[in-house]
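Open the model in your viewer and keep the selection panel handy. We'll go stop by stop, with something to pick at each one.

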Amino acid sequence: MSTETFLEEAAARGFIFQCTDTEALAAAMRAAPIRAYIGFDCTADSLHVGSLVQIMILRLLQKHGHKPIVLLGGGTTRIGDPSGKDESRQMLTDAAIAANMAGIRRCFGPFLRFGAGAADAMMTNNADWLDRLAYIDLLRDIGTHFTVNRMMTFDSIRLRLEREQPLTFLEFNYMILQSYDFRELHRRHGVTLQIGGSDQWGNIVAGMELTRRTDGKHVFGLTTPLITTASGAKMGKTAQGAVWLTDDRVSAYEYWQFWRNTEDADVGRFLRLFTDLPLNEIAGLERLRGADINEAKKVLATEATALAHGRDKAEAAAETARRAFEEGEAAETLPSIEVPAGDLAEGIPAFRLFALAGLAGSNGEARRLIRGGGARVNDAPISDEGTVISAALVRDGAIKLSAGRKHHRLVRGV
């Protein structure tokens, strides 16, 4: 397989937003397999769908024989990336960062092949070098290559200041440390390409310039587009919260449902970005119209879920959905919550139970859902938010709650 095929397929699938020198990068990839990295700060104990474009481009890179490197930001998380932020991030303790890092590590296993082979993925932590930096040495050896004038031209800094939002001196240093990461990974592991979201362009270019100034080496940068839905919503967010990649946060069934609910206009684009299906097969699915587009959505949901949760769980989720929606069954494999049996015997107001079940983001949202006619209990609509739901409604060991046509929970007493 031609190493240049990576850039061709990445472009065809919609992964490329900017590249610093496409022709030179293509030549380098033709000459030999390269090493590329993406950094992930440890601000939560899992990644969500908003990070999936980055993971999928690393997967594509590995498919074409190149070595993907996952850089965990054990050091940079202590500062916080100001890119695209209106305010400073909450400072995390070292213990919280370590716990988040342990959780995030789990997100990559389903998508990347790790090992000691030439194209096997590698994971590293920038705390390994950043934690040992001496401040005066950093200022003398690295800081001299950065001018405030130049830094102010990059969106990550400029936009924050234009919005008159505070930018701490701590955050102002983030670009320097990310640039240091690029040079350090080039020195330690021969990394020649940094990939990031479009908001990382300035940080990536700064790292390239540092590597050129200090080491005389030519390295590359590539960014992916910001992914929003056709209606303009941010990718990976729903009314119920973030769509996390680990099943302790979001079950395989809920994950499948997220993709099944994709807007019609997004189906082809998401099939290209978030599945391994061949492009000619995707083109056929894109041609479906009307009610038939739902078949393409089911394919998207099953293929995307298979990558994150495994083929068996993906197909089980698809079957659960078919039974719940097409046959009206309260399938045993629907997501469930447990409530104290005593509370259920006494009865729980409907709005409170819908919020507890995660079918609404708050009690107020649950009240609006019920008043708007979007709530059902055991497939029967309810309109009174104060309706008491009790153990008398248990059927086959559970009570089925539904928000709209596609979000369901089973409530069990314990």
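Before we start, one term: contact here means heavy atoms within 4.5 Å. Keep in mind, too, that this is a predicted model.

With that, select helix α10, residues 174-189. This helix lies across β2, β3, β4, β5 and β6, and runs at about 145° to β2.

**The six-stranded sheet**

Now show the strands under that helix. What is the order of the six strands in this open sheet? Reading across, you get β1-β6-β5-β2-β3-β4, with mixed pairing. Colour β1 (18-19) and β4 next: they stand at the edges, and each has a single partner strand, so one side of each is left without a neighbour in the sheet.

Stay at the β1 edge. Strand β6 covers residues 220-224, and two bridges join β1 to β6 in an antiparallel run. To see one of the pairs, pick Cys19, whose bridge partner in β6 is Leu222. Then add helix α2, residues 22-31, which packs on the sheet and touches β1, β5 (193-197) and β6. The direction of α2 makes about 110° with that of β6.

**Strand β3**

Move along to β3, residues 67-73. Is this strand mostly covered or mostly uncovered? Mostly covered: seven of its seven residues are buried. Show the side chains and you'll find Lys67, Ile69, Leu71 and Gly73 pointing one way, with Pro68, Val70 and Leu72 pointing the other way. Both sets are buried, the lysine included.

Next, look at the neighbours of β3. On one pairing, strand β2 (residues 35-41) runs parallel to β3, joined by seven bridges. Pick Arg35 in β2 and its bridge partner in β3 is Lys67. For the other pairing, select β4, residues 122-125, which runs parallel to β3 over four bridges. Here Leu72 is matched with Asn125 in β4.

**Helix α3 and its partner**

Select residues 52-63 for helix α3, which joins β2 and β3 in a right-handed β-α-β unit. Add helix α1, residues 5-13, and look at the two helices together. Two packed helices are described by the angle between their axes and the distance between the axes. For α1 and α3, the axes come within 9 Å and cross at roughly 145°, and the crossing is right-handed. Which residues meet there? From α1 come Phe6, Glu9 and Ala10, and from α3 come Ile57, Leu60, Leu61 and Lys63.

**A cysteine check**

Select Cys42 and Cys107. How many disulfides does a search of the whole structure find? It finds zero. The closest cysteine sulfur to that of Cys42 is in Cys107, and at 10 Å it is too far for a bond. Going the other way, the closest one to the sulfur of Cys107 is in Cys42. Switch on a surface and check both: Cys42 is buried with a relative accessible area of 0%, and Cys107 is buried at 2%.

**The second sheet**

For the last stop, show the five strands of another open sheet, in the order β9-β15-β14-β11-β12. The pairing is mixed here as well. The edge strands are β9 (336-339) and β12 (380-381), each of which pairs on one side only. Zoom in on β11 (residues 375-377) and β14 (residues 399-403), which pair in the antiparallel sense over three bridges. Finish by picking Val377, whose bridge partner in β14 is Leu401.

How values were computed. Residues are numbered from 1 along each chain as its sequence is written. This is a predicted model: local features need pLDDT of at least 70, side-chain atom pairs count only at pLDDT 80 or more; totals for chains, interfaces and linings use all residues. Side-chain values use heavy atoms; hydrogens and water are left out. Buried means under 20% relative accessible area, exposed over 50%, partly exposed in between (1.4 Å probe, protein chains only). Two strands pair if DSSP finds at least two bridges between them. A crossover is right-handed if, with the strands pointing away from the viewer, the path from the first strand over the helix to the second runs clockwise. A disulfide is a pair of cysteine sulfur atoms within 2.5 Å. Axes are lines fitted to C-alpha atoms, for helices over the stretch in contact, and angles run from 0 to 180 degrees between N-to-C directions. A crossing is left-handed if the near helix is turned anticlockwise from the far one by less than a right angle, and right-handed if clockwise.
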